[in-house]
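Trainee: Could you take me through one part of this structure slowly? I would like to see how helices are described when they pack together, and then look at a pocket.

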Amino acid sequence: MRTCTRGRPRGRPEEGVGRMVSQRQLIVLASALLAILAGPPLTPATSQGRPVVVMQGVEPLGLDASITTGIFSLNPALHILEPLVDFDEKLRIIPRLATTWKWVNPTTFELTLRPGVKFHDGTPFGAVDVKFTFDRILDAKNRSDFRRYFSERTVKEVQATGERTVRFVLTEPRPVFLRTLTQVGITPQKAVTEMGAERFNRAPVGTGPYRIREWASGVRITMTANRDYWGGNPRIPELVWRWVSEDATRVAELLSGNADIITGLPPDLVKQVDENATARVASVRSLRTAFILINTKKPPFNDVRVRKALNHAVNVQSIIDNLMGGFAERVPTVMGPFVAGYNPRLKPFAYDPETARKLLAEAGHPGGFTANFFAFRGRLLKDRELSEAVTAHLQRIGINLRLQFLDFAVVFGMTQRYNRDVDLMLWSNANNNADASYNLELNFYSKGRGTYWSDPKVDELIESAATEVDETRRERTYQEILRLITEVHVPVVFLYDQKDLYGVSRRLEWEPRADERINLWRAFAR
Amino acid sequence: MAEAALAPPRVARVPRARIKLDWGGALGLVLTAAVVLVALFGPRLAPHGPLEQTLEARLRPPAFAGGARAHWLGTDNLGRDILSRILVGARPSLLVGLSAILLAGAFGIAVGLVSGYYRGTLDKVVMRVADVQLAFPAILLALAILAVAGPSNLNLVVVLALSWWVVFARITRGEVLALREREFIGAAVALGAGDRHIVARHVLPNIAGTMLVLASVSLTRAILAEAALSFLGMGIQPPTPTWGGMISDGRAYLAVAWWVSTMPGLALTLGVIGFNLLGDYLRDRIDPRLRS
Amino acid sequence: MVRYLIERLAYTVLVLLAVSLAAFLLAHLSGDPALMAAPPDATPQQVAEVRRTLGLDRSLPEQYLIFLGRIARGDFGSSFRHRVPTLHLLAARIPPTLLLALTSLGIAVVMAIPVGVAAGVSRGGAMDLVGRILVTLGQSAPVFWTGIMAILLLSVRWRVLPASGYEGWTHLVLPAGTLGLYSASELVRFVRTGVIDVLGEDYVRTARAKGLPSRLVLFRHVLRNALIPVITFIGLRFGVLMGGAVVTEAVFGWPGVGSLMVDAVLNRDVPLVQAALMATAASVTLANLAVDLMYGAIDPRISHG
């Protein structure tokens, strides 16, 4: 029997280990590890004055603007690469790398390119680069996001018909074609071939007003002014793009002077920014329209009266005034007035719970019913609160919604493949190209993603409008489509256009745009 | 000599009667009881419906900070009464937390006991399984499972238990390993005592102290894990209020409406103070090494 | 020692294989990776193309085997969405993650040990109660709450520290401090308990009886023994932190592994999920090894005399 005084029993937690490693060795090892692995963080080298810092919510996925879409990638990318044509802040088409254009025949589009433009590596810009860029998109192996517009189904061939002329031969007439050119950045054949797609995606060479300095993965993207830019030397010498997902932190960075532009300013924090001396609020009506998809293939939603009832029951104006703080605009349909093809004669559904109840009763559901409502969080401004508010409004007329917030991946999947469980689903549309075709062909067309509603007559009209070269007739067709959707079929609950909110430092002269683009090469910071 | 070795080590330490009433313990009991009562009767005590939205009265301050008298603790981002939501939200928060740590504790302690006591291959295998699981960041595992299976309450409990059982197991194991080297265990074995007897009379009481501390820590962690999952969108789903979820949802408004996040936070803090103090008090009473 | 290490390394490889399988399943289990790799306005034909190009139209077992084969050659694939090698993305995130983990743990230890020892020694007394209440406050506040409050106070109101980013040493203070505070709160209670337990041990009384000065007794015997559960806890915590402190990273815009992984999982970015999880698994297993080594170094019943 051992006693207490004479050493301890020889058992050990881990056999054989303790004897072999002394304490001192361990400390030395640990310190060495620490020293090696935890090097000092990178510090940005600021050259001339303070750079302008743009802080968005997520990191760009890539800077090759012929491959990656998504506004948070295109915004930095389109400072380095340039499209053939662009939108101005009033959403009118203006020349960029192309100076003139015309339809040679209904299926052939020709552009003349700007002379004297050079890429950042000195190579001259010409038609071969345009052909190269679009050929890459047309090659499915490159998995370009732009294949929605440019694939074998729409574009037969791209021809460099001269040093500075390019022709697109289409499979059928497509009047919206010009507008689809506004986001594709033109890439240099030489640099892409030499660097390879991967490296180019992280450090592109373009013709744009800024050159890439560095993309520190996960941390920041730095770009410096291109003094040889054909459009004149940008007034801001250096741009830094950063990203922070937490709204409150982005606002804090704006207020403490570390950021000059922040995106996604929550409406409830507008007051905080307004009261601050160094920052201001900038808001602009967005092209993005929110609505709630209805599964019209399933009772009771196959009855248009029920769908109209839903529209009468949601007090959209109250949501706009109270929840969104006024930062949204009511739209009677699925797109707003800046979108070509909009029908100004449409009226929004009046908030009228009485009529809603009556319609429900007429349709055979006087006591209401239960339904699933799928929504997501963090994609739309205040999407969570919006979903909860809509649920409460519909409750008042007896419709009990089982609100479920799902992973966006799952919700997105539901737009691609019909899912029987869906009764209502929150959705929105960016109305790219400021043209009605985008939204309609995507969400209300049986060959697009019309998984929960489509109509053969509307299909026909959409197809005819897509190839209609006469501007007036095209516009009228879209207006008719919208009238059918809004007044006759009512396949969705119509909500509103978002108002994008930005926080801007007072030293920066810059205004936001409806298409969510952030262009800084004409901006100025004191 | 033999008797002395058999008895659990005696400690003549700080006289327990130094403080007549253990203030910590009393406070702990009161706070914990309050939380339990609110969890049981919250919905009946709530002055407003927790789901009643008044969009025109969003983000109103608490009554004591200049707001309307109807809302003692103010309203949230949809105009719902915060006090009512706190009262109603106690139950789901606690239920999920308690279920998770009971599940995790039962499994984890059992595994840790067996592993630490018997050693050998069993121990090695168990620890490697634990390693594999620990190799997955808990929050990611939780997120992934919830993304697949859906964020229901049951799934949430399972996911939380899944991430915490290893802590119970490892700490139990560590304690048991240290304990089994002690003489009284060796003596008991030499005297022919069965394993079950040794575990029940000598091991369990000696680890009870650490286990109680771990339990009270875990309860807090479970409630806060639910808050973190809410932060990522995978906690208990709205509109059901939970303390963690309310703290998370209100964080965007901290600069302009601090009460939305901080009021439920205070409720949580008071609850945690209660659990911790009570846990420490019970631990002090139960631990045989401190019995005189 | 060598045999032991080889044994542990062999286990690590097994662990990594298990993790790779689990990661593969995780990434494929719900939602369609092809869908998430395509842009949000993709037509069904576009999605089908993407599926073909990324090899997602093959059967799951086939995909897994191809994946294993590539890993054997050191190719961890390219992220579907970022279109760069996953290792490139990870390599950029590991130093900040490590830095945050180590610094916050260091802060936690530095804060927790004195407070825990004082509380344990004064057990039942004023210092104990005060310490425990402070601890509770630190423990019950979620990291995002403390973080945003700290930002509002220190970045916005007083402008002494930056709110986010990975730009310099000052940017480390808020995230590491917030995280460290949180870890410290939990740790204090374990230190306290450990100290109390050890103070009751025979050999401590013996040392005192021998006439050794109190402080020496405390440091040499009490501290080391009280550290056993603490080391376990730190080891576990480090493992957790190497998985990325997701909430801290989100609040402070800290470019760690956690936010990369959450993003990858939510977007079903299969190669990135797999590579990130395996990297994390490797570091966690190494951390466990370190902890077990430390057990040996710390426990006085192991050292001689």
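Mentor: Happy to! Keep in mind that this is a predicted model. Let us start in chain B, where helix α6 (residues 153–179) packs with helix α8 (residues 195–231) at an angle of about 155 degrees, their axes lying 10 Å apart. Angles over 145 degrees count as roughly antiparallel, and α6(B) and α8(B) are therefore roughly antiparallel to each other. Their crossing is right-handed. Sorted by class, the residues where α6(B) contacts α8(B) are 16 nonpolar, four polar and three charged.

Now turn to chain C. There, helix α5 (residues 86–121) and helix α12 (residues 257–266) pack at an angle of about 140 degrees, with 8 Å between their axes. That angle makes α5(C) oblique to α12(C). On the α5(C) side you will find L89(C), L90(C), R93(C), I94(C) and T97(C), and they meet V257(C), S259(C) and L260(C) of α12(C). This contact comprises five nonpolar residues, two polar and one charged.

Finally, have a look at the second largest pocket, which holds about 710 Å³ of space. It is lined by 30 residues, and those closest to its centre are R143(A), T53(C), L54(C), S78(C) and F80(C). Helices that each supply at least two lining residues are α6 (197–202) of chain A and, from chain C, α1 (2–28), α4 (60–72) and α13 (270–298). The most comes from α4(C), with four residues. By class, the lining has 11 nonpolar, 10 polar and nine charged residues.

Terms used
Residues are numbered from 1 along each chain as its sequence is written. Chains are lettered from A and ligands numbered from 1 in the order in which they are written. This is a predicted model: local features need pLDDT of at least 70, side-chain atom pairs count only at pLDDT 80 or more; totals for chains, interfaces and linings use all residues. Side-chain values use heavy atoms; hydrogens and water are left out. Axes are lines fitted to C-alpha atoms, for helices over the stretch in contact, and angles run from 0 to 180 degrees between N-to-C directions. Angles under 35 degrees count as roughly parallel, over 145 as roughly antiparallel, 65 to 115 as roughly perpendicular and the rest as oblique. Contact means heavy atoms within 4.5 Å. Ala, Val, Leu, Ile, Met, Phe, Trp, Tyr, Cys and Pro count as nonpolar, Asp, Glu, Lys and Arg as charged, and the others, Gly among them, as polar. A crossing is left-handed if the near helix is turned anticlockwise from the far one by less than a right angle, and right-handed if clockwise. On a 1 Å grid over the protein atoms alone, a cavity is a set of points where a 1.4 Å probe fits but cannot get out, and a pocket is an open set with protein on both sides within 12 Å along at least five of seven lines; lining residues have an atom within 4 Å of a point. Grid points are joined across faces, edges and corners, and a volume is the space filled by probe spheres set on the points.
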